[in-house]
Amino acid sequence: MTTSPPGREVLITGCSSGIGRTVAEGLRDRGYRVFATARQAQDVKSLAGSGFEALQLDVIDSGSVQRAVSEVLEKTGGRLYALFNNAGFGQPGAVEDLRREVLREQFETNLFGAHELIRRVIPVMRTQGYGRIIQNSSVLGLVAMKYRGAYNASKYALEGLSDTLRLELRDTGIHVAIIEPGPVESRFRENAYAAFKRNVDAEKSAHREAYHAMERRLTTDGPVAPFTLPPEAVLKKVIHALESRRPKVRYYVTFPTYLFATLKRLLPHRGLDRVLTGVSRGGSR
Ligand SMILES: NC(=O)c1ccc[n+]([C@@H]2O[C@H](COP(=O)([O-])OP(=O)(O)OC[C@H]3O[C@@H](n4cnc5c(N)ncnc54)[C@H](OP(=O)(O)O)[C@@H]3O)[C@@H](O)[C@H]2O)c1
């Protein structure tokens, strides 16, 4: 069942492209007051040029997080209905090839930034007596795939944090919902490839043959994974998470998410390993 939201202010991270941009546009069209944020000045400018209330927000920079939230609250008179923690990227590479600082960077973006934002908005939501925190996780927050160790770890951590938060916020009027996309059209692969080139020495790796295949996949134009959906599929779930009186705990997006979430419940660990090893080449994330 859906009802009109009590407030209409939504803060979204990572709106320069992909899911963030589409959700920002879709919610604005639906009448929400969207604070669309991006980390790079030219993207903030482009968002403002498209009529958004646009702000600079780099989730790895505490100062930037603090400034953005303060500015939003100043504009809304201290109110915020919802936070959509969307910003993120995938750091490819075998676990043994990831330097400590590379793993840390993955967590800074995909987990610590989201956590810091949550800490800043919860007091506001508690005072209001309502609010929505929507986390953009991934099918790779539910199951693992080869060469996605950093990303898997950060999204599993986001799942754990969100599950705990939901228990802690019970009966406060603040709902926590987790979105679980599988393959969605965006700049995700392009950004993952850049992170791979930046941080992994492929030629020195025991996995170099597999990396060559992975690089071909990451640099292919257009969808490479079966059942890829446009980002509007995520928008639909975000709208439900915002407008339902009782949002779901998890929103599966794409067939691979439904499939792997189900297989995880049904199969023994090693059975699931066999399936996941087979599809690792496909590229669900
Ligand atoms: N596309 C998929 O198949 C898929 C599947 C499952 C989950 N997801 C999740 O969906 C979310 C959005 O990804 P996407 O698919 O839309 O990919 P995308 O097009 O690459 O968008 C990622 C967004 O996150 C931003 N970002 C990265 N680091 C940031 C930082 N430090 N501070 C602020 N923003 C930052 C990017 O900004 P820049 O342009 O500045 O880099 C960009 O706006 C991510 O959390 C991703 O894990 C995506």
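The exercises below, each with a worked solution, concern the nonpolar cores and one buried residue of this predicted model.

**Exercise 1.** Determine how many residues the largest nonpolar core has, and which of them have the most contacts inside it.

*Solution.* Begin with the count, which is 31 residues, and then note that Ile-12, Val-23, Leu-27 and Val-238 are those with the most contacts inside this core. Next, look at the elements that give two or more residues to the core, among them strand 1 (9-12), helix 1 (18-29), strand 2 (33-38) and helix 8 (232-243). Finally, weigh the shares: helix 8 supplies the largest, with seven residues.

**Exercise 2.** Find which residues Leu-27 is in contact with, leaving aside its neighbours within four places in sequence.

*Solution.* Starting from the lower residue numbers, Leu-27 is in contact with Val-10, Ile-12, Tyr-32 and Val-34, and continuing along the chain, it is also in contact with Leu-235, Val-238, Ile-239 and Leu-242. A second core, separate from the one just described, has 23 residues, including Leu-57, Ala-68, Ile-133 and Val-176.

**Exercise 3.** Decide whether Gln-135 is buried or exposed, and find which side chains are joined to its own by polar contacts.

*Solution.* First locate Gln-135, which lies in strand 5 (residues 131-136). Its relative accessible area is 0%, and because buried means under 20%, Gln-135 is buried. Then turn to its side chain, which a polar contact of 3.0 Å joins to that of Asn-85, while another, of 3.1 Å, joins it to the side chain of Ser-162. Beyond its neighbours within four places in sequence, the residues in contact with Gln-135 also include Ile-118, Leu-158, Ala-177, Ile-178 and Ile-179.

Notes. Residues are numbered from 1 along each chain as its sequence is written. This is a predicted model: local features need pLDDT of at least 70, side-chain atom pairs count only at pLDDT 80 or more; totals for chains, interfaces and linings use all residues. Side-chain values use heavy atoms; hydrogens and water are left out. A nonpolar core is a set of buried Ala, Val, Leu, Ile, Met, Phe, Trp, Tyr and Cys residues joined through side-chain atoms within 4.5 Å. Buried means under 20% relative accessible area, exposed over 50%, partly exposed in between (1.4 Å probe, protein chains only). Helices (H or I, at least four residues) and strands (E, at least two) are DSSP runs, numbered from the N terminus. Contact means heavy atoms within 4.5 Å. A polar contact is a pair of N or O atoms within 3.5 Å; within protein, one must be able to donate a hydrogen and the other to accept it, and residues adjacent in sequence count only if both atoms are side-chain atoms.
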